[in-house]
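Q: I am new to this structure and should like to learn how to read it. May we proceed one feature at a time?

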Amino acid sequence: MKILHTADWHLGKKLHKHDLSKDHQMFLDWLINLIQEQHINLLLISGDIFDLANPPIEARAMYYWFLRQMIQLKCKIIITGGNHDSALMLDAPREILQLLDIKVVGGAITPIENEIVVLENLVVCAVPYLRDADLRQAVEGESGTSRVENVRLGIKKHYDTLAEICQEKYPNLPKIAMGHLYAHGASTSDSEREIQIGNEAGIDSDCFSQTFDYVALGHIHRPQIIGGNERIRYSGSPIPLSFSEKNDQKIVLLLELSENKIQEIKTIEVPKFRELKRISGTLEEVKAKLIAFQNEAPLKSFIEIEVIEENYNPLVNKELNDIISVYDDENSVVLKHRFSFKNEVKSSEELFIEGTNLEDISEKSMLQKRLEKENSLSEEHRTLMMEAFTELLLMVEQDDEN
Ligand SMILES: [Mn+2]
C-alpha cells in the first residue's frame, strides 16, 4: 500500500494581492500525475486545505475538481481541517463525500472514535486542528494548571485516547495519526498564523504515543522531522506561500506499507512552478540585477525589490518606480518594493540647539537647516528646493487669507 502525506495547500491564497491559483493548479496536475504513476492508494491532507474560512468560489471549485480526479483514480482521501479552514464549511458535504471514499474531518468529533478511519490494512486517526473548545472539554476538571499547560494536556489526551482505542481494537494494524498543530522546535516561515496561544502551547514529539507508526502533521510550511524522530513529520506546504519560503524545497511524503509495517518514508520533491526572487542593493545595482534576471520557472516570477542607499535621497522612490514601470518583462512581476538609507535621516529636533522654541523658528529656516544636513544634495538642488518651498508657502498663506 502506498500513502501520500501532504498539507497546507491554502487554496485561494494571495501573495501581495497576486493570485496563486495557477501555482495551485500546476501542483494539483503534478500531484494527480504522481498518484496515477505511483499507484497511490491513500492521500492524507493534514489541514489548511483553504487559506480562508470562507474561500473564494474558484478555490472551492478547484477543491471539488481535484476530489473528482481522485475518485477516478480510485485513490482514497482523508482530509482534516486546519486553523485556516472553517470546520463547518469542510464538514458540510461530509455525508456525500463519505459515499465516494473521501473522509473529511473538519473539526473534532464526539465521540472521539469517529475520528478513526479503518482501512483493510491500516488505521488512521484523522485528528483536525483542535480548537480551544475541543481541548477545554478534554481536560475538564483538571485544575491548578496554566492555560498553556491545559492546551498541551488537552492535545496529548486527545491523541492518547485515540491510541488506546486503536491499540485495543486493532492491535495488529499499523496506525497513522494526523494533526494540525505547532510542535516545539519547528522551523517556521512568515506564512503560518500563530496557533494555540501564540505557539506557546507547542507540543513535543513525546506527545504522540509509540502506538502510532507515523504522525502526518500540518501547519508548519517547511517540511521537517520533529524531535529527531523520523516518524513524526511535517510535509510542509507544496508551494511557497511567502517570500521567506523562496529557497525551500517543497515536498510531499510517500509512505510504503507492507507486512503491517511502514517500510519506507520517501521524500518526493515538488517541482518549482514559480520563482520568488528578492533583489537588493543600491538603485544602480537593483537596476542591473533586474535586467540580468532570467526567469526559468513556468510561471511568471514574483520579484521583491529592496533598495539600500548610503544617503537619503528623496528621489529614490520616483526613480525606483521609473525603473519598475520601464521593466516590462513578460516573465516577471515586481510584487513589492521598499527602500532604506544607511545614514538615517536626523529628526528636526536634533538640528536646533536645545531650548529653542519651535514658534521662534520660521518654516523657511527649518527647511534651510534640514537641507544643510543633506550632504548628497548639490547647492543648486538646495536652492531649487528652497524656491519651490517658498512658492508653496506663499500659496498656503494666500489660501489662509481667503
Ligand atoms: Mn498552514
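A: Let us begin with a definition: buried area is the accessible area, for a 1.4 Å probe, that two parts lose on being put together, summed over both. Please bear in mind that this is a predicted model.

Q: Into which domains is the protein chain divided?
A: The chain falls into domain 1 (2–269), domain 2 (275–345) and domain 3 (348–402).

Q: How much area do domain 2 and domain 3 bury between them?
A: The size of an interface is often given as the accessible area lost when the parts come together. Here domain 2 and domain 3 bury about 350 Å² between them, and 59% of that area is on carbon and sulfur atoms. On the side of domain 2 that touches domain 3, three residues are nonpolar, one is polar and none is charged. In terms of contacts, four residues of domain 2 meet four residues of domain 3.

Q: How many salt bridges and polar contacts are found between domain 2 and domain 3?
A: Zero salt bridges are found across this interface. The count of residue pairs in polar contact between domain 2 and domain 3, with both residues at pLDDT 80 or more, is also zero.

Q: How many salt bridges does the whole structure hold, and what does one example look like?
A: The search of the whole structure gives 12 salt bridges. One of the residue pairs that form a salt bridge is E149 with R152, whose closest N and O atoms are 2.9 Å apart. E149 and R152 are separated by about one helical turn because they stand three residues apart in helix α6 (residues 147–169).

Q: Which residues are the protein donors of the manganese ion?
A: The donors are D8 (OD), H10 (NE2), D48 (OD) and H221 (NE2), at 2.0 to 2.4 Å from the ion. Their spacing in sequence is D-x1-H-x37-D-x172-H. Distant parts of the chain are thereby linked: H10 is in the loop between β1 (2–6) and β2 (14–15), while H221, 211 residues apart from H10, is in the loop between β10 (214–218) and β11 (224–226).

Q: Which backbone angles deserve attention?
A: Most residues other than glycine have a negative phi, and most peptide bonds are trans. D48, in the loop between β4 (42–46) and α2 (57–72), has a positive phi, near 55 degrees. The peptide bond from T110 to P111 is cis, with omega near -5 degrees. P111 belongs to the loop between β6 (102–105) and β7 (116–119).

Q: Where is E256 placed, and which residues does it contact?
A: E256 is in strand β13 (residues 251–258). Beyond its neighbours within four places in sequence, E256 contacts M1, K2, K261, I262, Q263, E264 and K266. The side chains of E256 and K266 are joined by a polar contact of 3.1 Å. E380, by contrast, lies 124 residues from E256 in sequence and 74 Å from it in space, C-alpha to C-alpha.

Methods. Residues are numbered from 1 along each chain as its sequence is written. This is a predicted model: local features need pLDDT of at least 70, side-chain atom pairs count only at pLDDT 80 or more; totals for chains, interfaces and linings use all residues. Side-chain values use heavy atoms; hydrogens and water are left out. Domain bounds come from an automatic or database domain assignment. Contact means heavy atoms within 4.5 Å. A salt bridge is a side-chain nitrogen of Lys or Arg within 4 Å of a carboxyl oxygen of Asp or Glu. A polar contact is a pair of N or O atoms within 3.5 Å; within protein, one must be able to donate a hydrogen and the other to accept it, and residues adjacent in sequence count only if both atoms are side-chain atoms. Ala, Val, Leu, Ile, Met, Phe, Trp, Tyr, Cys and Pro count as nonpolar, Asp, Glu, Lys and Arg as charged, and the others, Gly among them, as polar. Donors are N, O and S atoms within 2.8 Å of the metal (3.2 Å for Na, K and Ca); water is not among the atoms, so sites may look incomplete. Helices (H or I, at least four residues) and strands (E, at least two) are DSSP runs, numbered from the N terminus.
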